[in-house]
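Student: Can we go through this one by asking what earns each label?
Tutor: Sure, bring up the structure and ask away.

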Amino acid sequence: SRDFEKFGDQLKAAQEREDNEAALIKAGRTRKEPRPILGQMMRAVYRGANGTSAHDAKMRREYNFVNGNATLQDPIVQAEFWETYKANNPLAELGARFLIGPNYMQFPRQLTDPAVVWFEEGDTAVLPDSASTIDSVKIQYKVPAIVLDASNFWLEDSGELGAEILSRMGVSALQNAIISAVLNGAAASGQPVGLDNVVGVQTVAAGGALASFAKITEGVKKLLAANVKLENVGGIYSPSVWQQINDLADLQDQPLMMPAGLRDIPMHTSTAVLEDYGAGDDETRIYLGDWANIMIASSGGPMVSILRETKATQFMTQFVIHMRCDVGVIRPNAFCRIEGIPVA
């Protein structure tokens, strides 16, 4: 009966989620802007622990309050936070995989493809493969953190719109930090190891500013040679590269037409792509690949700590938001960096 009761609670929570989504759609919000779970969590930390309203009681069911901290305990809401995090996230749109699990799980990794041998009738045995390399990388969670100060009066009065603003601030910052870690994260900086530092990622030297689409096609060719399907290829580049690509022109100053083979490749722009590579700190990169080979793991969502006393005389509450996460690359040769693109 306990399992049945738990299942009933989950169904009830799921119905509440649907009702919330219907209300958001009616108010003009889209599925790309799901429930502002992080902002609601922050307001719940401020009000929910001692609140008396039905909404506050609901917050206590969804969040576990211990010594001024709050963690998500409802698995449905945990999943909803992931949906909030993935909304408008270029990594999610390119196909990166998001999962929730404990620390020290294993990411699978394939470094080289197996060799195929032909077996002819009468042969005594098929030779064992000695070419492929399959191993694993242990998940070891790192912690991106944010400190936000909010007016107590604003927290009391802002309602759902305030929760939405808080969510956008927090989720946007977390998104940018994790996208940056996926691309250029370094263990020395306390980050997950990103594509700049993963052994086996392919490279193309730009050799200067982009004068045509040739370097992009060269990068895609290297991926195709590694048996990456063309329909799975996508890319991320910086705002400066976006401008260079859109400024490409012929001798008559007419815009260059993108080659047919590149037109269906989704390309995303992100400020998480660094623009300070090279001796003069004035170079950037393009990242191409099959992004389903990126795995982003979390222990279950954000944790929000509340610090009332530090800002009490200013009638403010300080929130410390952090999330434990790690990044793994399943097939490093399914990615290619186009390096040395000047931004000036």
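What follows is a talk about labels and the values behind them.

Tutor: Before you start, keep in mind that this is a predicted model.

Student: Okay. Why is Cys325 called buried?
Tutor: Buried means under 20% relative accessible area. Cys325 has 4%, so the label fits. Cys336 comes in at 1%, so buried is the word there too.

Student: How many disulfides does the structure have?
Tutor: The count is 0. A pair of cysteine sulfur atoms has to be within 2.5 Å to be called a disulfide.

Student: On to charges. What makes Arg285 and Asp196 a salt bridge?
Tutor: The cut-off is a side-chain nitrogen of Lys or Arg within 4 Å of a carboxyl oxygen of Asp or Glu. For Arg285 and Asp196 the closest N and O atoms are 2.8 Å apart, so the pair qualifies. The two partners come from distant parts of the chain: Arg285 is in strand S10, while Asp196 is in the loop between helix H7 and strand S7, and 89 residues separate them. Both Arg285 and Asp196 are buried.

Student: How do you know that Arg285 is buried?
Tutor: Its relative accessibility is 14%, and the limit is 20%, so Arg285 counts as buried.

Student: And what makes Arg285 and Glu339 a salt bridge?
Tutor: Here the closest N and O atoms are 3.9 Å apart, and the cut-off is 4 Å, so this pair is accepted as well. Arg285 sits in strand S10 and Glu339 in strand S13, so the bridge ties together parts that are 54 residues apart in sequence. Glu339 has a relative accessible area of 21%, so its label is partly exposed.

Student: Which residues make up the network around these bridges?
Tutor: Asp196, Arg285, Arg337 and Glu339 are joined into one network by salt bridges that share partners.

Student: How many salt bridges are there in the whole structure?
Tutor: The search finds 6. Another of them pairs Lys215 with Glu218, at 3.6 Å from N to O. These two lie in helix H8, 3 residues apart, which is about one turn of the helix.

Student: Why are Lys215 and Glu218 called partly exposed?
Tutor: That label covers values between 20% and 50%. Lys215 has 26%, so it fits. Glu218 has 31%, so it fits too.

Student: What is the phi of Asp253?
Tutor: Near 65 degrees, a positive value in a residue other than glycine. Most residues other than glycine have a negative phi. Asp253 is placed in the loop between helix H9 and strand S9. Its relative accessibility is 61%, and exposed means over 50%, so Asp253 counts as exposed.

Student: What about the phi of Phe315?
Tutor: Phe315 also has a positive phi, near 50 degrees. You'll find Phe315 in the loop between strand S11 and strand S12. At 47% relative accessibility, Phe315 counts as partly exposed, because exposed needs over 50%.

Student: Last one. What makes Gly235 buried?
Tutor: Gly235 has a relative accessible area of 0%, and buried means under 20%, so that settles the label. Gly235 belongs to strand S8. Leaving aside residues up to four places away in sequence, Gly235 touches several residues, including Leu94, Met267, Tyr287 and Trp291. Gly235 and Leu91 are 144 residues apart in sequence, with their C-alpha atoms 9.5 Å apart in space.

Note on methods:
Residues are numbered from 1 along each chain as its sequence is written. This is a predicted model: local features need pLDDT of at least 70, side-chain atom pairs count only at pLDDT 80 or more; totals for chains, interfaces and linings use all residues. Side-chain values use heavy atoms; hydrogens and water are left out. Buried means under 20% relative accessible area, exposed over 50%, partly exposed in between (1.4 Å probe, protein chains only). Helices (H or I, at least four residues) and strands (E, at least two) are DSSP runs, numbered from the N terminus. Contact means heavy atoms within 4.5 Å.
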